[in-house]
Structure formats: C-alpha cells, structure tokens
Amino acid sequence: MNNSPQLMTNRCILRKFTIEDANDVLELMSDLDVNKFLPCFPLKTIEEAKEYIKKNYIESYDKENGYKYAICLKESNKVIGYIVVSADVSHDLGYAIHKDYWYKGYAFEAGEAVLRQLKKDGFDYVSATHDVNNPNSGKVMMKLGFRYRYSYLEMWQPKNIEVTFKMYQLDFTKDCATYMGYWNRYDHFIE
C-alpha cells in the first residue's frame, strides 16, 4: 500500500492529519449530528482531539495501515472531514464531512480521488457500509459506482447499539467476488 499519498481535487487537498488539525477535528468529531453514524463517541476537549489524531492517524502513517486522509479546503487548509480505506481484506471505505459542508459534493469529490488512487495501486475492489438510517451516505456510495450486495445486523461498538448496515462494493476488476466477511460474521439478508 502506498500509505496515503497526498491527493488533489477541484476544491480540496487530501493529506495526512497533523496535531495542528486538532481544533478542526474537535469541531468535526464533537458535532452530535456528524457523530451519530460514526464508530466512536463525540470528542469533548482539545486534548481528546489530539489523542484521537495521534492514535487513529499519526501512529499508523509509519505502517502499512490503509489510506487515511484529512479532507481540507484548498484555500484555507481547514479540515472539513476525513476519508479512510481500511488495510484489511474488506478494503472498507469510510468518511465523514463537517455539517456545514453537507450536500455540497465534498464526500463524492474526495471519494473519486481516493478510488482513482486505489485503482492505480492495484486494488481489485473496495467495500463500503452505511447504517440504513443514514441513506444519504448510501447515495454517495452509489454515485461513486458502488453496488448493493447485502445487509447485516451488527451490535455496533463502542456504542453498543444494534445497527442494520447495507454493504456495497465497487469492483475494479471483472468477476470480482463479493466480500463476505460481514455476511459470515453477522445475521444477514438481501433486500
């Protein structure tokens, strides 16, 4: 894996996080609407934001640990979100955008750039999941070319709530098998 090379879009720079991003990360990750569908609790202090950046991003940049980007506005370098792809066999894509930037195409724009990089780096496929109560995330996935494969029920941690997820996959090669990891681990069905 190429370990998060910097990428550019029309409006954004996708780059590695730094500790200097703590204020923007706190603003993003403390918002209850943004955090509702994220696999972590809302951040409350600047110290928590710095620790979050260190643990989830900086410490992984020296390892082959997927792709992990801050989505930043070109004109200000302000972090308005993140987009990540896991290093495990799921190649799971995840993202969050600051509420002030919802419905403006930023997740799609960042997603296109990351998917181009993954294809260039030789990935066969990428998966992505969304909570059924967050259909807008699914709309972004479908616009990016992902196709629905199946749904599953998970007791989602650390929030300890039961969530029905829809699993999508984007294949870069022909005859790519569906990623079945979630299917095999959880109660599942096809809608």
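**Entry 1: helix H4 and the sheet.** I began with helix H4 (residues 106-120), which lies across S1, strand S2 (12-15), strand S3 (67-73), S4, S5, S6 and S8, and I noted that H4 runs at about 35 degrees to S4. I keep in mind throughout that this is a predicted model.

I then traced the sheet itself, which is open, has 9 strands with mixed pairing, and follows the order S1-S2-S3-S4-S5-S6-S8-S7-S9. At its edges I found strand S1 (7-8) and strand S9 (188-189), each of which pairs on one side only.

**Entry 2: one strand pair.** I looked up how strand S6 (residues 125-131) meets strand S8 (residues 161-171), and the two pair in the antiparallel sense over 7 bridges. Within this pair, I noted that Val-126 has Leu-170 of S8 opposite.

**Entry 3: His-91.** I located His-91 in the loop that joins strand S4 (79-85) to strand S5 (92-97). Is His-91 buried or exposed? Its relative accessible area is 15%, and because buried means under 20%, I entered His-91 as buried. Leaving aside residues up to four places away in sequence, I listed its contacts as Val-85, Ser-86, Phe-123, Tyr-125, Val-126 and Ser-127; Val-126 is also the residue that I had found opposite Leu-170.

**Entry 4: helix H3.** In helix H3 (residues 46-56) I found Ala-49, Tyr-52 and Ile-53 buried. Viewed down the axis of H3, the buried residues fall within an arc of 95 degrees, so I recorded them as lining one face of the helix. These buried residues pack against helix H1 (22-30), whereas on the other side of H3 I found Glu-47 and Lys-55 exposed.

Definitions and conventions:
Residues numbered from 1 in each chain as written. Predicted model: local features only at pLDDT ≥ 70, side-chain atom pairs only at ≥ 80, totals over all residues. Heavy atoms only, no water. Buried < 20%, exposed > 50% of the residue type's maximum accessible area, 1.4 Å probe, protein only. Helix = DSSP H or I, 4+ residues; strand = E, 2+ residues; numbered from the N terminus. Arc of directions from axis to C-beta. Contact = heavy atoms within 4.5 Å. Pairing = 2+ DSSP bridges. Axes fitted to C-alpha atoms, helices over the stretch in contact; angles between N-to-C directions.
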